[in-house]
Structure formats: C-alpha cells, structure tokens
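Q: Please take a close look at the nonpolar core of this model. Go through what builds it and what lies around it.

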Amino acid sequence: MRMNEGCRYLFRTRAALDEFRRRYATFIASEADRYAEWVNGFPLMEWVEYLNGVPKENVPVLVGMLCHLYDAGRINICFHPTLPVIRRDPMSLAEWNAWCEALEPLKIPKKRTNK
C-alpha cells in the first residue's frame with residue numbers, strides 16, 4: 001500500500017459512517033469487542049503499524065471498524081497522515097495522568113545553579 005492510499009477509507013461525513021454501519025451491522029455486532037480489545041492493547045502514545053499482515057482487500061473494513069469504534073467512544077486513536085500507523089491516545093484523564101506518572105523517572109534533573 002502506498003503511503004496515503006488508505007486515507008480514502010476514512011469517513012469524512014456522518015452519512016458515510018452510517019452507511020458503513022448499515023452495510024456491516026452483522027460484522028460490527030460480532031467483532032467490535034475483539035477489535036476494541038486489540039486496539040486498547042496497543043502501547044499508549046506510541047505509533048503502531050497496525051496494517052502489518054492485513055490483506056489489502058481487508059483494509060477498508062478494518063479502517064471502517066476503527067472509525068466506528070472511535071465514534072462510539074470505545075477507542076481513542078489518532079491516525080498518522082500516512083495511515084499505516086495509528087497511536088492509541090488516553091481514554092480518560094486518569095489514564096493520561098497514569099501515563100505521565102510512569103514517565104516521572106525519565107525526567108531530566110534540573111540544572112543546579114551555584115549562587
């Protein structure tokens with residue numbers, strides 16, 4: 001897949017998302033939990049190449065499912081402009097705070113000033 005080829009599968013309107021939901025209602029009902037669990041298992045705030053191993057013909061449905069889950073509030077992701085990577089963002093302030101606290105030991109000590 002070329003860099004931005006997958007961007008055409010993102011839904012730009014509510015009508016397009018609603019049409020996807022109607023067309024794939026059975027698939028969504030049976031697979032949404034599994035997809036949400038998969039995405040929510042990605043490392044927080046890191047870009048992930050989520051399309052690795054996905055057959056080209058399945059990309060539109062996968063991207064559609066991610067758009068559905070995002071709109072439904074089941075996942076919080078950011079698509080990279082090149083689309084083959086996404087980043088899982090915090091679902092709540094508590095998750096954000098926990099992530100920030102986990103980074104605390106990585107902070108660079110402040111420079112001392114001798115006065």
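A: **The core and its surroundings**

The largest nonpolar core has 24 residues. Tyr 50, Val 63, Leu 66, Leu 69 and Ile 75 have the most contacts inside this core. Three elements give two or more residues each: helix 1 (14–23), helix 2 (25–40) and helix 3 (59–71). Helix 3 supplies the largest share, with seven residues. Note that the model is predicted.

Leu 66 deserves a closer look. Set aside its neighbours within four places in sequence, and Leu 66 is in contact with Val 39, Tyr 50, Ile 75, Ile 77, Phe 79 and Ile 86. Two of these partners, Tyr 50 and Ile 75, are also among the residues with the most contacts inside the core.

Now the frame around the core. The chain holds four helices and three strands. Their pattern along the sequence is α-α-β-α-β-β-α. The chain has 115 residues, and 33% of them count as buried. Take the contacts between residues at least 6 apart in sequence: 67% of them join residues at least 24 apart. The exposed area of the chain is about 8,000 Å², and carbon and sulfur atoms supply 54% of it.

Next, the sheet. The three strands form an open sheet in the order 1-3-2, with antiparallel pairing. Strand 1 (47–48) and strand 2 are the edges; each has a single partner strand, so one side of each lacks a neighbour in the sheet. In general, strands of a sheet pair through backbone hydrogen bonds, either parallel or antiparallel. Here, strand 1 and strand 3 pair in the antiparallel sense over two bridges. Val 48 has Ile 86 in strand 3 as its bridge partner. Ile 86 is also one of the contacts of Leu 66.

The loop between strand 2 (77–79) and strand 3 (86–88) contains Pro 84. Pro 84 counts as partly exposed because its relative accessibility is 24%, and buried would require under 20%. Pro 84 and Glu 49 are 35 residues apart along the chain, yet their C-alpha atoms are separated by 5.7 Å.

The aromatic rings come last. The structure holds seven aromatic pairs. In one of them, the rings of Phe 20 and Tyr 24 have centres 4.9 Å apart and planes at 35°, so the pair is tilted. The two partners differ in cover: Phe 20 is buried, with a relative accessible area of 6%, whereas Tyr 24 is partly exposed at 22% relative accessibility.

Trp 38 and Phe 42 form another aromatic pair, and this one is edge-to-face. Their ring centres are 5.0 Å apart, with 75° between the planes. Trp 38 counts as partly exposed at 35% relative accessibility, while Phe 42 counts as buried at 9%. Both rings belong to a cluster: ring pairs link Phe 27, Tyr 35, Trp 38 and Phe 42.

To pull this together: helix 3 gives the core its largest share. Leu 66 touches residues that include Ile 77, Phe 79 and Ile 86. Ile 86 in turn is the bridge partner of Val 48.

Methods: Residues numbered from 1 in each chain as written. Predicted model: local features only at pLDDT ≥ 70, side-chain atom pairs only at ≥ 80, totals over all residues. Heavy atoms only, no water. Buried < 20%, exposed > 50% of the residue type's maximum accessible area, 1.4 Å probe, protein only. Contact = heavy atoms within 4.5 Å. Areas by Shrake-Rupley, 256 points an atom, 1.4 Å probe, with all protein chains shown as cover. Phe/Tyr/Trp six-rings, centres within 6.5 Å; stacked < 30°, edge-to-face > 60°. Pairing = 2+ DSSP bridges. Core = buried A, V, L, I, M, F, W, Y, C linked by side-chain atoms within 4.5 Å.
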